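Reader: I would like a close look at one part of this model, taken slowly. Please keep the wording plain.

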Amino acid sequence: MNFLKKYLTGWVSPSYLKDNGILCMNKRNGDYISRYNSRSRYPLVDNKLLTKEVVEKAKIAAPKLIDVVRAQYEIEHIAPRLENLDQFVVKPANGSGGKGILVIVARDGEYFVKSSGVRITLSAVERHMTNILSGLHSLGGKPDVAFIETLVHVSDYFADYSYEGVPDIRIIVFKGYPVMGMLRLATHQSDGKANLHQGAVGVGLDLATGKATMAVQHNQRVTHHPDTGQPLEHIEIANWKQLLILAARCFEVTRLGYLGCDIVIDEARGPLILELNARPGLSVQIANGVGLLPRLRCIEALDDLPVSVEERVEFSMAHFATRKTVDTQESLWAEPAPA
Amino acid sequence: MPHRGPFLFLIALLVIGGIGTAVYRHRAFAIPFSPDQAQTVWQVEARVQFAGDGSATNIFLTLPPDQTGFRIVESTRASSGFGYSPAYRDGQPQAHWSKREVLGEQSLFYKLEIVEDGDHVVPAIPPATRTVPSWREPYATASQHLLSMAMPISADGLSLAQQLIQIMSDERGDQNAALLMAEYQTATLLQNLLLAADVPARTVEILTLEDGRRRQDLKTYVEVFQDGSWHLFDPERGEVHERHNLLLWVTDAPSVLDVVGGRNSRVSFSMISAVRPALAVSQEQFGDFGFSLYSLPIAEQGFFKLIMLMPIGALVVVFMRIIVGLKTSGTFMPILIALAFLQTELVPGLVSFLLVVGTGLAIRTYLSELNLLLIARIAVLVLIVIGIITVFSVLSYRLGLIEGLNITFFPMIILAWTIERVSITWEENGPREVAVQVGGSLGVAVLAYLMMSVPLINHLAFNFPELHMVILAIILLLGRYTGYRVMELRRFAAFRSATNEPPAT
């Protein structure tokens with residue numbers, strides 16, 4: 001009996017999800033992605049090299065492109081091109097889920113020092129590039145292109161909040177309006193990756209202020225970072241509005257109506273667009289404890305008049321304040337009031 | 001939805017078109033909807049015998065008309081030395097044999113295959129006007145008397161016939177009836193009495209179908225036309241309601257057999273019944289059903305039997321992914337596995353699949369250390385899969401496990417890709433994700449296999465390919481389903497626990 005009860009609590013009714021405005025996979029694919037994201041624009045975000053090019057052209061802040069390796073023979077002559085680089089990141093243009101990213105934080109004589117502190121030789125770097133070119137990390141194993149970009153110096157503010165990996169902020173932008181955001185913190189369990197299903201911590205962010213509202217790991221509420229023990233309650237993203245404007249501008253660049261923007265905060269340069277995603281996941285709803293649908297519908301109900309980026313961001317900040325939607329509860333950090 | 005109307009119209013069109021065509025073909029060609037529907041097939045042999053006297057001979061054998069309740073599937077004849085041509089006389093088909101010079105005892109055979117088919121309905125032809133027979137005395141008076149007895153206690157033609165039969169069959173009955181029956185054949189008498197009373201009636205010759213009977217004769221019955229159909233009467237017992245074993249042989253023609261230029265002519269009937277699959281029977285009658293897969297050579301037919309099952313597999317995959325939300329490795333890989341299962345049987349198929357993929361994975365682990373380029377890696381895997389299959393086949397044959405041979409039914413390229421994909425998933429997302437995806441794929445494959453091996457589905461898919469339009473409509477509808485998947489009800493349970501439960505400390 002107890003077992004059955006425990007099992008059943010692992011399920012929710014469709015009406016509960018509907019009442020809470022949870023966007024589901026089928027609806028995301030059928031009513032949002034396929035309707036608002038034109039196929040012809042997918043390559044812009046699926047190919048990170050293309051993303052970099054258009055983002056740079058539009059003067060949207062992003063890590064700088066240093067070099068591109070397109071063919072195997074180039075790798076034989078890569079040594080002189082890497083000579084003057086102490087810190088850099090090698091990425092596959094068509095990688096997914098953070099695969100195939102090599103982060104070099106320093107040089108030690110012959111060796112390259114990875115972010116984990118491990119020293120590797122030049123030939124290891126070359127082999128990594130060969131793997132990228134052969135399509136080891138790309139979707140469907142297609143031959144790929146490797147590119148080298150500048151290393152992001154994560155703002156010290158996050159030093160205690162992230163284990164190994166780079167914390168990033170995911171903003172869902174719908175028709176140019178930011179609709180929901182979360183901060184993703186890598187953990188030991190997630191192996192430095194910022195994917196929630198791999199065990200990263202997702203921190204819901206209030207769209208009005210950039211303050212943390214609640215945090216989840218493995219779909220469970222948490223209050224502290226599991227590795228650093230740092231309380232997550234007081235997180236507040238600096239220059240929040242500027243960050244939202246950065247995300248919202250990506251709509252103009254890509255013309256993708258339903259877009260996920262991954263943003264990192266560089267110590268010196270501030271928020272930078274790391275990558276864009278035409279099929280952003282749904283767990284942002286769990287991290288925020290709020291469903292996406294009411295917000296998407298709110299934007300859909302607006303007139304299609306051209307509105308400036310600033311106006312859109314102000315609209316979102318005014319309408320999508322997370323605390324407001326849950327102000328029946330004292331604070332999401334406290335125990336919830338009985339229903 | 002801006003295009004909802006046309007979309008629903010298309011769906012309706014597909015469903016109606018598919019089902020409509022199927023029903024039409026079922027009616028027109030008697031293709032059964034169920035695979036094990038059996039039909040009783042009667043083989044009736046009419047044997048014509050006569051003695052030729054050396055002159056030119058014409059033989060006309062009346063054949064049963066197209067009638068309600070029976071379908072004539074096939075007719076053959078055996079008559080060496082005789083010329084044959086089909087003929088038609090007085091609204092009935094006839095077999096016409098002819099020969100210039102016939103001497104001695106002759107036997108001609110005409111064989112019919114007849115199927116009992118309650119769905120086969122032939123509209124009744126209203127009676128032609130018949131001349132009312134003129135009676136000689138004292139029969140005229142007797143018949144009037146008999147009618148005046150039966151008339152008051154009857155309401156219409158049917159009840160009049162019923163009453164007349166009763167009066168005539170009463171042994172110690174009416175003297176007039178006895179008088180008439182001494183003169184006339186009972187059936188002819190009944191017909192004439194009815195005609196005299198202005199009731200449309202006719203005598204018919206019927207054959208009683210009984211398994212294994214030989215040398216049967218036709219019996220003369222009477223039919224009365226009323227309310228748009230003919231009602232059959234046994235002149236000795238009354239109206240016949242149970243007529244599934246009564247075959248009308250002669251309705252309008254004057255006689256069953258006409259031999260010109262021969263003596264001692266007679267016809268007798270033998271019959272046997274057999275129960276045969278309905279499908280085979282209608283195939284015999286209609287050949288390849290006009291435009292159907294049966295017009296293909298046998299080898300292609302076998303191929304299409306599998307192909308026509310693939311939409312079922314596709315439907316299962318679409319359902320399991322869109323409605324249930326199961327993860328599979330490779331979108332339609334489960335269909336191909338399911339098709340292989342169809343040929344290997346389920347358990348041997350599962351075992352060999354897991355064996356090959358498992359062994360392949362172990363070898364693939366070594367390959368990943370070689371840093372091969374992708375295309376080369378896949379090609380190597382194809383060779384490895386072939387190697388594994390060969391070794392397993394030989395090994396299991398040596399050990400006396402014949403099932404091992406079935407491994408060859410799995411498409412090798414698919415196996416190679418499966419190993420590659422599973423191996424990458426293992427490296428990138430861990431064994432848990434592999435278990436989820438392989439489990440999901442095999443689950444969907446097994447479900448698709450179970451669906452595909454239902455005899456009814458097999459039968460419908462091949463014999464009514466138009467029903468795939470209905471499957472298409474269902475898949476189109478599923479493609480527009482934007483509701484929650486079953487697995488999401490579990491996934492988003494986290495939403496509830498995350499928002500309603502206190503944080504862990």
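Author: What follows describes one helix of chain B, its end, and then a sheet of that chain. The model is predicted.

Helix 1 of chain B runs over residues 4-29. With 26 residues, helix 1 of chain B reaches 37 Å from its first C-alpha to its last, close to the 38 Å expected at 1.5 Å a residue. Buried residues in this helix are Leu14(B), Gly18(B), Ala22(B) and Arg25(B). Part of what covers the buried residues of helix 1 is helix 14 (468-479) of chain B.

Phe29(B) belongs to helix 1. Phe29(B) counts as partly exposed because 17 other C-beta atoms lie within 10 Å, while a buried residue would need 20 or more. The C-alpha atom of Phe29(B) is separated by 9.8 Å from that of Leu279(B), although the two residues are 250 apart along the chain. After helix 1 comes Ala30(B), with a positive phi near 55°.

Now the sheet. In chain B, four strands in the order 4-5-2-12 make an open sheet with antiparallel pairing. Strand 4 (83-89) and strand 12 (257-260) of chain B are at the edges; each has a single partner strand, so one side of each is left without a neighbour in the sheet. On average, neighbouring strands of this sheet are turned by 20° against each other, direction ignored. Strands of a sheet pair through backbone hydrogen bonds, either parallel or antiparallel. Strand 2 (residues 57-62) and strand 5 (residues 92-99) of chain B pair in the antiparallel sense, over six bridges. Opposite Ser98(B) of strand 5 stands Asn58(B).

Notes: Residues numbered from 1 in each chain as written. Chains lettered and ligands numbered in written order. Predicted model: local features only at pLDDT ≥ 70, side-chain atom pairs only at ≥ 80, totals over all residues. Helix = DSSP H or I, 4+ residues; strand = E, 2+ residues; numbered from the N terminus. Buried ≥ 20, exposed ≤ 12 C-beta atoms within 10 Å, placed from the backbone. Expected span 1.5 Å × (residues − 1). Contact = placed C-beta atoms within 7 Å. Pairing = 2+ DSSP bridges. Axes fitted to C-alpha atoms, helices over the stretch in contact; angles between N-to-C directions.
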